[in-house]
Amino acid sequence: MSTANTAARVRAAVDQDPNLRSEYVQSLHLIERLHRLLLDVIKDEFDRTGASDLNAVQALLLYNMGDNELTAGELKSRGFYMGSNVSYNLKKLVEMGYVDYERSEADKRSVRVSLSAKGRQAAEVVARLYQRQLGSVEAVAQVTSGELHGLNKALGRLERFWTDQIRFRL
């Protein structure tokens, strides 16, 4: 399909639904704000537990690593972190003792990382936070499992859409 055909199809879709642009832009703003708020909630949890040497991005990185042994590239592809962000944070996490690393025997440039005991404790703080939130998300926020399922389906489709925008330069 040509770019002109794609553009015409997009214009037609917007013309058919005058609310589409407004809803799409509102969704983008909410996604941004929710991510920042999640980081604030995680940071607040670590401040309360006395582990304020970690920032929220680092704590989330530890949580996402879990029990896996990964490379920085794998963290980037699995966790959707920017490459330099992962490298910088991994260096800091190694220096602070949250992450252990081992150079690959086959390729000395490649480093595999895993959580140290201290890193597992920090990841557990995030896991407990999420577990505690599960106890009240439906009662307090009035968000049901079905609504989260629908949200996850929509966000998954949006993720595929954006991935295709990059991959196929749409």
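**Figure 1. Leu 148 and the nonpolar patch.** Leu 148 sits in helix α8 of this predicted model. With a relative accessibility of 34%, Leu 148 counts as partly exposed, because values between 20% and 50% fall in that class. Together with Tyr 24, Ile 31, Leu 151, Leu 155, Phe 161 and Trp 162, Leu 148 forms a nonpolar patch on the surface. The accessible area of these residues together is about 570 Å². Helix α2 (20-49) and helix α8 (145-167) each contribute at least two residues to the patch. Helix α8 has the largest share, with five residues.

**Figure 2. Overview of the chain.** Eight helices and three strands make up the secondary structure of the chain. Their order along the sequence is α-α-α-β-α-α-β-β-α-α-α. The chain has 170 residues, of which 21% count as buried. Among contacts with a separation of 6 or more, 53% are between residues 24 or more positions apart. The exposed area of the chain is about 12200 Å², and 54% of it comes from carbon and sulfur atoms.

**Figure 3. Aromatic rings.** The structure holds one aromatic pair. The partners are Tyr 63 and Tyr 130, arranged edge-to-face, with 5.0 Å centre to centre and 80° between the planes. Tyr 63 belongs to helix α3 (residues 56-65) and Tyr 130 to helix α6 (residues 117-134), so the pair ties together parts that are 67 residues apart in sequence. Tyr 63 has a relative accessible area of 30% and is partly exposed. At another ring, that of Tyr 98, Lys 118 lies over the face, at 4.6 Å from the ring centre.

**Figure 4. Surroundings of Gln 58.** Gln 58 is a residue of helix α3. Its relative accessibility is 4%, so Gln 58 counts as buried, the limit being under 20%. Leaving aside residues up to four places away in sequence, Gln 58 touches Asp 53, Asn 89, Lys 92, Leu 93 and Met 96. Asn 85 is 27 residues from Gln 58 along the chain, and the C-alpha atoms of the two are separated by 9.7 Å.

**Figure 5. Salt bridge between Arg 132 and Glu 45.** The count of salt bridges comes to nine. In one of them, Arg 132 pairs with Glu 45, and the closest N and O atoms are 2.8 Å apart. This pair links distant parts of the chain, with Arg 132 in helix α6 and Glu 45 in helix α2, 87 residues apart. The partners differ in accessibility: Arg 132 is partly exposed, with a relative accessible area of 45%, whereas Glu 45 counts as buried at 8%.

**Figure 6. Salt bridge between Glu 74 and Arg 112.** The side chains of Glu 74 and Arg 112 meet with an N to O distance of 3.6 Å. Because Glu 74 lies in helix α4 (residues 72-79) and Arg 112 in strand β3 (residues 111-115), the salt bridge ties together parts 38 residues apart in sequence. Glu 74 is partly exposed, with a relative accessible area of 26%. Arg 112 also counts as partly exposed, at 28% relative accessibility.

**Figure 7. Salt bridge within helix α8, and a salt-bridge network.** Arg 167 and Asp 164 form a salt bridge whose closest N and O atoms are 3.8 Å apart. Both residues lie in helix α8, three residues apart, about one turn of the helix. Arg 167 is exposed, with a relative accessible area of 55%, and Asp 164 is partly exposed, with 27%. Elsewhere, salt bridges that share partners join Asp 44, Glu 45, Arg 48 and Arg 132 into one network.

Notes: Residues numbered from 1 in each chain as written. Predicted model: local features only at pLDDT ≥ 70, side-chain atom pairs only at ≥ 80, totals over all residues. Heavy atoms only, no water. Helix = DSSP H or I, 4+ residues; strand = E, 2+ residues; numbered from the N terminus. Buried < 20%, exposed > 50% of the residue type's maximum accessible area, 1.4 Å probe, protein only. Contact = heavy atoms within 4.5 Å. Areas by Shrake-Rupley, 256 points an atom, 1.4 Å probe, with all protein chains shown as cover. Patch = residues over 30% accessible without salt bridge, like charges linked within 9 Å, V, L, I, M, F, W, Y side chains within 5 Å. Salt bridge = Lys/Arg side-chain N within 4 Å of Asp/Glu carboxyl O. Phe/Tyr/Trp six-rings, centres within 6.5 Å; stacked < 30°, edge-to-face > 60°. Lys NZ or Arg CZ within 6 Å of the ring centre and 35° of its normal.
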